[in-house]
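Trainee: Before I rely on the terms used for this model, I would like to hear the reasoning behind each of them. Could we go through them one at a time?

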Amino acid sequence: MKLERVEIVHVAIPLVTPFRTSFGTMTTKDTFLLHVVTDVAEGWSEFAADPEPLYCSEFVAGAEIVLRDFLIPRMAALPHLTTAALAPALAKIKGHELAKAALETALLDAELRSYGMPLATYLGAVRDRVPAGVSVGIKNSVPELLDDVERYLAQGYVRIKLKIEPGWDVEPVRAVRERFGASLPLQVDANTAYTLADAEQLRRLDEFGLLLIEEPLEENNLHAHARLQQRLRTPVCLDESLHHARDTAAAIALDACRVVNVKPARVGGYLEARRVHDVAHAHGVPVWCGGMLETGIGRAPNLALAALPGCTLPGDTSASARYFAEDITEPFVLVDGHLPVPAGPGIGIAPLPDALRRFTRERRDLYA
Ligand code: OSB
Ligand code: MG
């Protein structure tokens, strides 16, 4: 392939309801899309992080600089541009997995479109639809939470994840269990809000039969997560702490996690996400595909990943309507608790020109 143009499109799309986690409250999906044009095809991707570095160290304005000054020049200098050659060419740039993932995914979309191959086929998907879970934010009151969970269950979601933080953990979990029963697939996500000193409080969650507790402790502290796991019956699942297949292997070997949340953006793209999946699957560790409140551009390729054989737990790949009144692509619709895996070439979807125009804040070329 020959690189012709890389365009950045900053977008802002209102969320249907504020999403509160232990690290902050989001009311708008404010990010950018990347549009890569080559001589053979074009591709799209979505940057997964936010304007502020609260979930991870990367953020929108910083990622644009990293792409413009460090990543895209290395991509443009490749004598034979292929997706497989990109990550090795970027490896000397430390970190910035989410920015690297955005660039690699747009190029992968273009390359697969030139072959007429769907991403799901390329990755080795074994399903054409995937069960959908839903991530429920922290609410002002337990009755408000129960109303939200009831609504999502009525829509058909097959698994509930509750965001927790100190002061919002045992009580909401107990209330959901009492109202919806012991057989509801239920899990929690703390987004790093606790420390090992809170182990006794987290152990109180053991009685509720949760599928997992996600990223309870500080990011990258595998040792503390292993110590915590020794004291919990509930399986620990890592999100923020896993950045590639290598640290996933280390986390599994240390018993720092018994479940893996794979977010392609967090590990530098779909090629590394496949390797994370493979490492976990080879150890018999269940994998599921996380989410970052993506528009359809980010959701479509996540659905392909969620269709891999080791993704044996429902992911946070919810329908478009859970996030947006209007998406930037054709919406993903929940059918019988499942979302379809896109079957078209590449990521299988593209922005709707009219919606893109209305949600765009700024667009400029990072390379031309
Ligand atoms: O920790 O999984 C997380 C959203 C933004 C940032 C981090 C996380 C989340 C979610 C929502 O839990 C997942 C989704 O529905 O996209
Ligand atoms: Mg998480």
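Trainee: What makes the shell around ligand 1 count as three nonpolar, five polar and three charged residues?

Mentor: In this predicted model, the residues around ligand 1 are Tyr 55, Ser 135, Asp 189, Asn 191, Asp 239, Gly 290, Gly 291, Met 292, Leu 293, Asp 316 and Ser 318. Tyr, Met and Leu count as nonpolar and Asp as charged, while the others, Gly among them, count as polar; the shell therefore divides into three nonpolar, five polar and three charged residues.

Trainee: How do you know that β6 and β7 are paired, and in which sense?

Mentor: At least two bridges are required for a pair, and strand β6 (residues 159-163) and strand β7 (residues 186-189) share four, in the parallel sense, so the criterion is met. Within this pair Lys 161 stands opposite Gln 187 of β7. The sheet to which they belong is open, with seven strands in the order β5-β6-β7-β8-β9-β10-β11 and parallel pairing.

Trainee: Why are β5 and β11 called edge strands?

Mentor: Each of them, β5 (133-136) and β11 (287-289), pairs on one side only. Helices lie across both ends of this order: α5 (residues 142-155) crosses β5 and β6 at about 165° to β5, and α10 (residues 270-282) crosses β10 (259-262) and β11 at about 170° to β10.

Trainee: What is the strand order of the antiparallel sheet, and which strands stand at its edges?

Mentor: The order is β3-β2-β1-β13 in an open sheet of four strands; β3 (42-46) and β13 (360-367) each have a single partner strand, so one side of each is left without a neighbour in the sheet. From one strand to the next the twist averages 20°. Helix α3 (residues 97-115) packs on this sheet, touching β2 and β3, and its direction makes about 145° with that of β3.

Trainee: How do you know that β1 and β2 pair there?

Mentor: Strand β1 (residues 3-21) and strand β2 (residues 24-38) are joined in the antiparallel sense over 14 bridges, where at least two are needed, so they qualify as a pair. Arg 5, for instance, has Val 37 in β2 as its bridge partner.

Trainee: Why can the radius of gyration be said to agree with a compact globule?

Mentor: A compact globule of 368 residues would have a radius near 21 Å, and the protein has 20 Å, which agrees. The C-alpha trace spans about 60 × 40 × 35 Å along its principal axes.

Notes
Residues numbered from 1 in each chain as written. Chains lettered and ligands numbered in written order. Predicted model: local features only at pLDDT ≥ 70, side-chain atom pairs only at ≥ 80, totals over all residues. Helix = DSSP H or I, 4+ residues; strand = E, 2+ residues; numbered from the N terminus. Axes fitted to C-alpha atoms, helices over the stretch in contact; angles between N-to-C directions. Contact = placed C-beta atoms within 7 Å. Near = placed C-beta within 6 Å. Rg over C-alpha atoms; globule rule 2.2 N^0.38 Å.
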